[in-house]
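Visitor: I am new to this structure. Please pick one part and take me through it closely, then show me how it fits with the rest.

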Amino acid sequence: LSQNRWKLNRQLKQALVVSGVIEKKAIKNCLMNSTSTEIEIHLPKSKSKSILKNIHTCKNFWQCPVCRGNALHKKRQDIAAVVKKSKSTNLMATFTLRHTRNDSLISMIEGLQKASSDLWRDRVWQALKKKYQFEWNVRNLEVTWGKDNGWHTHIHLLIGSLSDAIDIAHIEHDLFTAWDRLVQKYGLKALDRQAGVNVIPADSADDYLVKWNVSNEMAGNKSGKGNNVSMGDLEVDILAYQMNENYKGYTTEKQSKYLLKEYHEAFARRK
């Protein structure tokens, strides 16, 4: 699969349709002609890339690799512009949960999103924001899966601070205290220092934050941490199974399909 990302995304979408993972008509018809008129290719003088018109796009970020790739490409550009112009000191905070293989993805996502929504209004966050002059922040929700512990959900938070005296240990301690309190409020497990909050300097976090992990090769090079894989890795496995009957992925083709469908169900109608 050593080819350009845009072509790969189109092939991934087609593989998900053929395998039955994607069933919605709007996603199946993504990149097809949206009207009775012909597809138009525009070549603006002020831009280096062509523009296609009369093309239907489903804009389903969670299920469609094509629309997801387009959205993340734009998001990377926006974040890079903010990072460059703000001249801030950037931090990456990662918020995780304690979980086991028996925890359902839907319940974890619901608790995670409710807890994070409360966090931005919490007195702890507001105090840190004022003390360390947080100028801006952007969040990204990421999900991976592992054979040992099942679903792993976490939030990456990129923060731009104008303070000259940043105490990372203090920020991490206070965020952990608030995060532990809020996740328990919504029925999730109490945290420990291995599952909670981690804060690090983020010199190049703008690209890491909005990545969507898709392996560059069919074999190995899985992009989830440890023994976990991302949903992009599972999509690549689905495509690879169709291309090579002897392919051996991270898990079986049947289980990859099941996991992706569970993931799509958990994120249906979510922003």
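Guide: We start with one strand, move to the loop after it, and end with links elsewhere in the chain.

This is a predicted model, where local features need pLDDT of at least 70, side-chain atom pairs count only at pLDDT 80 or more, and totals for chains, interfaces and linings use all residues. Residues are numbered from 1 along each chain as its sequence is written, and side-chain values use heavy atoms, leaving out hydrogens and water.

The protein has 9 helices and 7 strands. Helices (H or I, at least four residues) and strands (E, at least two) are DSSP runs, numbered from the N terminus. Of the 271 residues, 46% are buried. Buried means under 20% relative accessible area, exposed means over 50%, and partly exposed lies in between (1.4 Å probe, protein chains only).

Our part is strand E3, residues 89–96. Of its 8 residues, 7 are buried, so E3 is largely enclosed by the rest of the structure. E3 runs antiparallel to strand E5 (residues 150–161), and 8 bridges join the two. Strands count as paired if DSSP finds at least two bridges between them. Leu-91 stands opposite Ile-159 in E5. E3 is also joined to strand E6 (residues 197–201), by 5 bridges, and this pair is antiparallel too. There, Thr-94 has Asn-198 of E6 as its bridge partner. In a regular strand, side chains alternate between the two faces of the sheet.

Now follow the chain onward. His-99 sits in the loop between E3 and helix H4 (105–119). His-99 has a relative accessible area of 18%, so it counts as buried. The His-99 side chain reaches the backbone oxygen of Trp-151 at 2.9 Å. That side chain also makes a polar contact with the side chain of His-152, at 3.4 Å. A polar contact is a pair of N or O atoms within 3.5 Å; within protein, one must be able to donate a hydrogen and the other to accept it, and residues adjacent in sequence count only if both atoms are side-chain atoms. Beyond its neighbours within four places in sequence, His-99 is in contact with Met-108, Asn-149, Trp-151 and His-152. Contact means heavy atoms within 4.5 Å.

Asn-102 lies in the loop between E3 and H4. Asn-102 is exposed, at 74% relative accessibility. From C-alpha to C-alpha, Asn-102 and Asn-149 are 8.1 Å apart in space, though 47 residues apart in sequence.

Next, the wider chain. The whole structure holds 10 salt bridges. A salt bridge is a side-chain nitrogen of Lys or Arg within 4 Å of a carboxyl oxygen of Asp or Glu. In one of them, Arg-68 meets Glu-235 at 2.9 Å, N to O. Arg-68 is in helix H3 (residues 65–86) and Glu-235 in helix H8 (residues 231–243), so this pair links distant parts of the chain, 167 residues apart. Both Arg-68 and Glu-235 are buried.

Another salt bridge joins Glu-23 and Lys-261, with the closest N and O atoms 3.7 Å apart. Glu-23 lies in the loop between helix H1 (5–19) and H2, and Lys-261 in helix H9 (residues 253–267), so the pair ties together parts 238 residues apart in sequence. Glu-23 is exposed, at 56% relative accessibility. Lys-261 is partly exposed, at 38%.
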